[in-house]
Amino acid sequence: MQEITSKIIIQAPRQVVWEVLMDLDNYQSWNTFTPKVETNFEVGTDVILHVNMKGNGKLLKQKEQILWFKEGKSMAWGIPTRFPVKTERAQILRTVDSETTEYITYDKFWGVLTPLVMALYRKKIQQGFDDVAEGLKRHCELIFKN
């Protein structure tokens with residue numbers, strides 16, 4: 001198993017951060033890595049990700065599945081059974097105090113092609129996750145200040 005992780009502290013309550021994560025219609029205003037996501041967040045249903053993997057604005061369409069959803073706290077999607085790579089991408093919110101939230105995102109990879117995926121995409125995925133965390137932080141803090 002391989003894992004790519006990004007974490008950041010956001011100066012906004014967990015509920016504010018959660019509401020931003022749930023507002024799929026406005027992802028493009030803060031999320032440069034995955035500016036469009038289509039799902040209903042029901043476990044077992046599809047999620048269609050439009051990923052800016054190359055950083056050039058050309059979006060790669062990726063179909064995955066909602067793996068878990070814990071209202072106000074965490075969610076995950078991924079590729080649960082597809083050979084030769086299985087994935088789990090989680091987004092987790094932890095309350096630091098009443099006005100501060102820790103955002104954690106990770107993607108875990110299993111399967112025989114994992115070394116190839118890591119060789120080809122690890123840096124791009126890591127940069128994308130870091131950009132998502134930074135964009136989420138800026139957006140949530142702006143909302144909370146206003």
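What volume does the largest pocket have? The figure comes out at about 630 Å³. The structure is a predicted model, so to speak only on paper: local features need pLDDT of at least 70, side-chain atom pairs count only at pLDDT 80 or more, and totals for chains, interfaces and linings use all residues. Residues are numbered from 1 along each chain as its sequence is written, and side-chain values use heavy atoms, with hydrogens and water left out.On a 1 Å grid over the protein atoms alone, a pocket is an open set of points with protein on both sides within 12 Å along at least five of seven lines, whereas a cavity is a set where a 1.4 Å probe fits but cannot get out; lining residues have an atom within 4 Å of a point. Points are joined across faces, edges and corners, and a volume is the space filled by probe spheres set on them.

The largest pocket is lined by 26 residues, and M53, L60, Q62, E64 and I125 are the closest to its centre. Two or more lining residues come from each of β3 (46-51), β4 (60-70), β6 (86-97), β7 (100-110) and α2 (114-145). Here helices (H or I, at least four residues) and strands (E, at least two) are DSSP runs, numbered from the N terminus. Helix α2 gives the largest share of the lining, five residues. Sorted by class, the lining has 16 nonpolar, three polar and seven charged residues. Nonpolar covers Ala, Val, Leu, Ile, Met, Phe, Trp, Tyr, Cys and Pro, charged covers Asp, Glu, Lys and Arg, and the others, Gly among them, are polar.

As for cavities, the whole structure has one of 30 Å³ or more, and the largest has a volume of about 30 Å³. Its lining is made up of Y27, N31, T34, V37, W77, R89, Q91 and V132, that is, four nonpolar, three polar and one charged by class.

On to the core. The largest nonpolar core has 34 residues, and I10, L21, Y103, L136 and C140 have the most contacts inside it. Such a core is a set of buried Ala, Val, Leu, Ile, Met, Phe, Trp, Tyr and Cys residues joined through side-chain atoms within 4.5 Å. Buried means under 20% relative accessible area, exposed means over 50%, and partly exposed lies in between (1.4 Å probe, protein chains only). At least two core residues come from each of β1 (2-10), α1 (14-22), β3, β5 (74-78), β7 and α2. Helix α2 again tops the list, with eight residues, the largest share of this core.

The rings come next. Four aromatic pairs turn up in the structure; rings of Phe, Tyr and Trp (its six-membered ring) pair if their centres lie within 6.5 Å, and planes under 30 degrees apart count as stacked, over 60 as edge-to-face and the rest as tilted. One of the pairs is F33 with F129, edge-to-face at 6.1 Å centre to centre and 80° between the planes. Because F33 sits in the loop between α1 and β2 (36-38) and F129 in helix α2, this pair ties together parts 96 residues apart in sequence. F33 and F129 are both buried. R89, from the cavity lining, lies over the face of F129, 4.1 Å from the ring centre. A charge sits over a ring if NZ of Lys or CZ of Arg is within 6 Å of the ring centre and within 35 degrees of the ring normal. K86 likewise lies over the face of W110, at 5.3 Å from the ring centre.

F41 and F69 have ring centres 5.5 Å apart and planes at 40°, so their pair is tilted. With F41 in the loop between β2 and β3 and F69 in strand β4, the pair ties together parts 28 residues apart in sequence. F41 is buried, at a relative accessible area of 11%, while F69 is partly exposed, at 24%. Together with W18, F41 and F69 form one aromatic cluster. F41 also has a positive phi of about 65° although it is not a glycine. Most residues other than glycine have a negative phi.

Two C-alpha distances round things off. S98, in the loop between β6 and β7, is exposed at 64% relative accessibility. The C-alpha atoms of S98 and T87 are 33 Å apart, with these positions eleven residues apart along the chain counted as their separation. E3, in strand β1, is partly exposed, with a relative accessible area of 31%. The C-alpha atoms of E3 and M118 are separated by 9.3 Å, although E3 and M118 are 115 residues apart along the chain.
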